[in-house]
Amino acid sequence: MIISERIIKVLKERNMTQAEFAKQVSQVVISPGITSISENAFEGFTELKTVSIPDTVTEIASTSFTECEAIETVEFTREPEVFQAIVETAQIEVLKEVKVEKIEEEKLEEQVVAVEEAYVE
């Protein structure tokens, strides 16, 4: 999922709140260029299973993934140890035990487009 102007427009057209939408999302792809994930960014995304994060993200707030206990896999464009260090620094309990896989930047960019198109159609 990518929160963009296009998706916000779709939410309005479908008369859905962001909270209702959050409960339907199972995959989040964060766009390259984003440098941090803020407090409560994905709070309430209870069905979220996969998160794809570019190497431009160097900071993740401790409450970014509150109520996201379903997360199984994090895809990261750098070595898994780098991601784990970010998680340790922020003390994000829900992400400490997930599987971390390295993903190539090109694949991440393809996911950004594919996920956005899936939600905008």
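Start at strand β3, with Gln27: the bridge partner of Gln27 there is Thr50. Keep in mind that this is a predicted model. Gln27 belongs to strand β1, which covers residues 27-29. Three bridges join β1 to β3, and the two strands run parallel. Move along to Val29. Opposite Val29 stands Ser52, in β3.

Now go back to Thr50. What stands opposite Thr50 in β5? Thr73 does. β3 and β5 also pair in the parallel sense, this time over four bridges. So much for single pairs.

Let's put the strands together. Four of them form an open sheet, in the order β1-β3-β5-β6. The pairing is parallel. Which strands stand at the edges? β1 and β6, the latter at residues 99-102. Each has a single partner strand, so one side of each is left without a neighbour in the sheet. On average, neighbouring strands here are turned by 15° against each other, direction ignored.

What packs on this sheet? Helix α3, residues 80-90. Helix α3 touches β3, β5 and β6. The direction of α3 makes about 115° with that of β5.

A word on strands in general. They pair through backbone hydrogen bonds, either parallel or antiparallel. In a regular strand, side chains alternate between the two faces of the sheet.

Next, the inside. The largest nonpolar core has 28 residues. Which members touch the most others? Leu48, Ile53, Ile60, Phe65, Ile71, Phe83 and Leu95. Several elements feed this core: α2, β3, β5 and α3 each supply at least two residues. The largest share comes from α3, with four residues.

Take Ile71 as a close-up. Set aside its neighbours within four places in sequence. Ile71 is then in contact with Leu48, Lys49, Val51, Phe65, Leu95 and Val98. Phe65, Leu48 and Leu95 were on the core list a moment ago.

Step back to the whole chain. How many helices and strands does the protein chain have? Four helices and six strands. Along the sequence, the pattern reads α-α-β-β-β-β-β-α-β-α. The chain has 121 residues, and buried ones make up 41% of them. Look at contacts between residues at least 6 apart in sequence: 52% of those join residues at least 24 apart. On the outside, the chain exposes about 6,800 Å². Carbon and sulfur atoms supply 47% of that area.

Two loop residues deserve a look. Most residues other than glycine have a negative phi. Asn15 has a positive one, near 55°. Where is Asn15? In the loop between α1 and α2, with α2 at residues 18-22. Asn15 is exposed, because its relative accessible area is 69% and the cut-off for exposed is over 50%.

The second is Asn40, with phi near 60°, again a positive value in a residue other than glycine. Asn40 lies in the loop between β2, residues 36-37, and β3, residues 50-53. Buried, exposed or in between? Asn40 is partly exposed, at a relative accessible area of 37%.

Last, confidence. The chain averages a pLDDT of 83, and 88% of the residues score at least 70. Where is confidence lowest, and where highest? Lowest in helix α1, residues 5-13, at a mean of 71. Highest in strand β5, residues 73-76, at 92. Strand β5 is the one that pairs with β3 over four bridges.

Note on methods: Residues numbered from 1 in each chain as written. Predicted model: local features only at pLDDT ≥ 70, side-chain atom pairs only at ≥ 80, totals over all residues. Heavy atoms only, no water. pLDDT = per-residue confidence, 0-100. Buried < 20%, exposed > 50% of the residue type's maximum accessible area, 1.4 Å probe, protein only. Pairing = 2+ DSSP bridges. Axes fitted to C-alpha atoms, helices over the stretch in contact; angles between N-to-C directions. Contact = heavy atoms within 4.5 Å. Core = buried A, V, L, I, M, F, W, Y, C linked by side-chain atoms within 4.5 Å. Areas by Shrake-Rupley, 256 points an atom, 1.4 Å probe, with all protein chains shown as cover.
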